[in-house]
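Below are some notes on this model, as numbered points. They start with the interface and then turn to the ligand and the backbone.

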Amino acid sequence: MSIPSFQVHLESNEEITPNVRKLVFRLDDPKTITYKPGQFVSFMLGTEDDRPIKRSYSIANMETNSDNSTYIEFVISYVDGGKASNLFFNAEPGMEMEMTGPFGLLCLTEELPKRVFLVGTGTGVAPYRSMIEQIKSRTDTEFHILFGAQYLQDMFYLDDFKAVALLDHVHFHPCLSREEKPGCVAGYVQNKLKELEPNPETDMAYLCGNPNMVDEVFEMLKEKEFGVKQVKREKYVFSRF
Ligand SMILES: Cc1cc2nc3c(=O)[nH]c(=O)nc-3n(C[C@H](O)[C@H](O)[C@H](O)COP(=O)(O)OP(=O)(O)OC[C@H]3O[C@@H](n4cnc5c(N)ncnc54)[C@H](O)[C@@H]3O)c2cc1C
């Protein structure tokens, strides 16, 4: 089966932290996309020595407005000297691109256990932002969203996560590793997760973002006898080209 490809154009490009921009693309052709919250797409950045240059980004939100135009939102962090970083951080509205996908299995399963931990560092919380409507409706499960960053100024989507955490079955734990701030946990997401005493009998975990964090938390959960299917992972690994 061929991979679906989409022509899109940049609708807006906004700085949301000193190192992260929110980019919204509009689908031009085809005009709709079927995706599951938690999935990602790949942007084609051209070719180098006949090799395609692609970069993947998690869908943070998708909306279709009254005239049936579909908008897809991404949060992209800056990597010094990075090809995509330089392109996206300087991109002007109207820029046309090709995107393929959606891909990935970091999606909420039909059957969920008693508790679900959604753990992300930096832009690794994007998939959980896209799950917000599902989280709201899955009231039989207790959700814990753990967002890790160094400083409060590096966090985004705080209003969205705080709003969903007003529901009894949802808890939001913003964790800051380099400073202490009221309403935030001091330390790494790993430590907060340990405090919540993950239990393979009742819990499942989703891990996304920094590959070191994902590996570290996965090892910790394996030691607690979580099975591979009880831990879903998406590592933001760098591309080789
Ligand atoms: C499934 C998936 C989903 C992803 N989703 C997102 C997302 O939603 N938001 C997002 O911001 N990123 C996401 N990424 C990462 C993204 O695809 C790119 O790898 C990232 O934007 C860097 O690309 P670049 O072209 O700017 O840097 P490159 O040109 O690939 O790299 C430039 C240099 O920086 C190094 N480098 C690359 N990335 C980092 C890093 N993070 N830290 C330190 N050094 C680095 C490289 O080794 C290289 O030397 C995702 C990755 C995957 C695999």
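1. Polar contacts between the domains. In this predicted model, 3 residue pairs are in polar contact across the interface of domain 1 and domain 2, both residues of each pair being at pLDDT 80 or more. Salt bridges across the interface of domain 1 and domain 2 number 0 by the rule applied.

2. Which strands supply the domain 1 side? At least two residues each come from strand 1 (5-17), strand 2 (20-29) and strand 6 (70-77) on the side of domain 1 that touches domain 2. Strand 6 contributes the most to that side, with 4 residues. Sorted by class, the side of domain 1 that touches domain 2 holds 10 nonpolar, 5 polar and 2 charged residues.

3. Domain layout. The domain assignment splits the chain into domain 1 (5-103) and domain 2 (115-235). Their contact draws on 17 residues from domain 1 and 13 residues from domain 2. Between the C-alpha centres of domain 1 and domain 2 the separation is 24 Å.

4. Buried area. Interface size is often reported as the accessible area lost when the parts come together. Here, about 1,200 Å² is buried between domain 1 and domain 2, with carbon and sulfur atoms giving 60% of that area. Of the area that domain 1 buries against domain 2, 34% is supplied by Pro37, Ala60 and Val75, more than by any other three residues.

5. Ligand surroundings. There are 19 residues around the ligand, of which Arg55, Ser56, Tyr57, Ala84 and Ser85 come nearest. The side chain of tyrosine 57 has an N or O atom 2.7 Å from an oxygen atom of the ligand. With serine 77 the partner is a polar backbone atom, 2.8 Å from an oxygen atom of the ligand. Tyrosine 236 places a polar side-chain atom 3.4 Å from an oxygen atom of the ligand.

6. Backbone points to inspect. Most peptide bonds are trans, and most residues other than glycine have a negative phi. The bond from aspartate 29 to proline 30 is cis, with omega near -10 degrees, and proline 30 sits in the loop between strand 2 and strand 3 (40-48). A cis peptide bond also runs from glycine 101 to proline 102, with omega near 0 degrees; proline 102 belongs to strand 7 (residues 96-103).

7. Where is aspartate 49, and what is its phi? Aspartate 49 is located in the loop between strand 3 and strand 4 (51-58). Although not a glycine, aspartate 49 has a positive phi of about 50 degrees.

Methods:
Residues are numbered from 1 along each chain as its sequence is written. This is a predicted model: local features need pLDDT of at least 70, side-chain atom pairs count only at pLDDT 80 or more; totals for chains, interfaces and linings use all residues. Side-chain values use heavy atoms; hydrogens and water are left out. Domain bounds come from an automatic or database domain assignment. Contact means heavy atoms within 4.5 Å. Buried area is the accessible area (1.4 Å probe) that two parts lose on being put together, summed over both. A salt bridge is a side-chain nitrogen of Lys or Arg within 4 Å of a carboxyl oxygen of Asp or Glu. A polar contact is a pair of N or O atoms within 3.5 Å; within protein, one must be able to donate a hydrogen and the other to accept it, and residues adjacent in sequence count only if both atoms are side-chain atoms. Ala, Val, Leu, Ile, Met, Phe, Trp, Tyr, Cys and Pro count as nonpolar, Asp, Glu, Lys and Arg as charged, and the others, Gly among them, as polar. A residue is near a molecule or strand if one of its heavy atoms lies within 4 Å of it.
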